[in-house]
Amino acid sequence: MQGYGMIHVYTGTGKGKTTAALGLALRAVGHGARVVMICFMKGDPEYGEAKAFRYLPGFTIRQMGRDSFVDFRHPDPVDVQMAQAAWEEGKRVIAAKEADVVVLDEMNLAMAKGLVNTNEVIAFLQTHRNGTEIVFTGREAPQELIDMADLVTDMHEVKHYYAKGVPIRDGIDH
């Protein structure tokens with residue numbers, strides 16, 4: 001798509017990073033763009049976005065993480081392997097110009113926790129970002145990515161209903 005090629009970063013402690021990326025994806029598809037979303041941590045096929053976007057032409061979601069939380073202090077080797085496989089798929093999609101927009105969901109955290117090498121990501125982006133809008137989501141975005149990005153949104157939690165004991169709700173949080 002004409003004018004594409006920016007790098008977006010949605011990070012911070014607040015809710016809405018993936019939701020912001022999905023809003024951008026929905027808008028892009030509405031203009032005829034091809035979107036691929038690669039999920040680094042969200043392997044549950046029951047996530048609302050995984051279910052909804054099966055019905056949206058031009059949007060592909062690839063859930064490449066496990067359907068459980070990653071222990072970032074002591075990551076299981078399978079989590080490292082899955083994160084690296086997700087990054088390899090992201091690189092392939094970007095290099096092949098298979099999509100106009102690529103969303104790398106929760107990749108910030110994968111880099112921050114050492115599951116994916118940040119320096120490798122930066123080096124790849126320096127030579128392969130032209131023509132593809134690339135969106136990174138997740139907490140703890142590495143400073144090197146923030147410095148390179150064209151748009152950075154840092155979402156801060158001010159108040160959250162989880163603190164009141166409200167459980168995860170399908171269609172809103174999942």
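Two residues are in contact when they have heavy atoms within 4.5 Å of each other. Keep that in mind for the exercises below. The model is predicted, so local features need pLDDT of at least 70 and side-chain atom pairs count only at pLDDT 80 or more, while totals for chains, interfaces and linings use all residues. Residues are numbered from 1 along each chain as its sequence is written, and side-chain values use heavy atoms, with hydrogens and water left out.

**Exercise 1. Find Asp 100 and describe its surroundings.**

Step 1: Start with the place. Asp 100 sits in the loop between α3 (77-95) and β4 (101-105); helices (H or I, at least four residues) and strands (E, at least two) are DSSP runs, numbered from the N terminus.

Step 2: Is Asp 100 buried or exposed? Its relative accessible area is 8%, so Asp 100 is buried. The cut-offs are under 20% for buried, over 50% for exposed and in between for partly exposed, with a 1.4 Å probe and protein chains only.

Step 3: List the partners. Setting aside neighbours within four places in sequence, Asp 100 is in contact with Met 1, Tyr 4, Gly 32, Ala 33, Arg 34, Gly 131, Thr 132 and Glu 133. For one of these, Arg 34, the backbone nitrogen lies 2.7 Å from a polar atom of the Asp 100 side chain.

**Exercise 2. Check the length of α3 and look at both of its ends.**

Step 1: The expected span is 1.5 Å times one less than the number of residues. For the 19 residues of α3 this should give 27 Å, and the end C-alpha atoms are 27 Å apart, so the two agree.

Step 2: At the N-terminal end, Asp 76 acts as a cap, with a side-chain oxygen 2.8 Å from the backbone nitrogen of Val 78.

Step 3: After the helix comes Lys 97, with a positive phi near 55°. Lys 97 is a residue other than glycine, and its relative accessible area of 47% makes it partly exposed.

Step 4: Now look at the packing. The buried residues of α3 include Trp 87, Val 93 and Ile 94. Among the elements that the buried residues of α3 pack against are β2 (35-39), β3 (59-63) and α5 (118-128).

**Exercise 3. Describe the largest cavity.**

Step 1: Here is the idea behind the search. Rolling a probe the size of a water molecule over the atoms shows where empty space is left. On a 1 Å grid over the protein atoms alone, a cavity is a set of points where a 1.4 Å probe fits but cannot get out, and lining residues have an atom within 4 Å of a point. Points are joined across faces, edges and corners, and a volume is the space filled by probe spheres set on them.

Step 2: How many cavities of 30 Å³ or more are there? The count is 1, and the largest cavity holds about 50 Å³ of space.

Step 3: Its lining includes Phe 40, Arg 66, Asp 79 and Leu 115. By class, the lining has 6 nonpolar, 1 polar and 2 charged residues. Here Ala, Val, Leu, Ile, Met, Phe, Trp, Tyr, Cys and Pro count as nonpolar, Asp, Glu, Lys and Arg as charged, and the others, Gly among them, as polar.

**Exercise 4. Place His 8 and name its polar partner.**

Step 1: His 8 belongs to strand β1 (residues 7-11). With a relative accessible area of 9%, His 8 is buried.

Step 2: The side chain of His 8 makes a polar contact with the side chain of Glu 133 at 2.7 Å. A polar contact is a pair of N or O atoms within 3.5 Å; within protein, one must be able to donate a hydrogen and the other to accept it, and residues adjacent in sequence count only if both atoms are side-chain atoms.

How values were computed. 1 Å grid on protein atoms, 1.4 Å probe; cavity = no way out; pocket = protein on both sides within 12 Å on 5 of 7 lines; lining within 4 Å.
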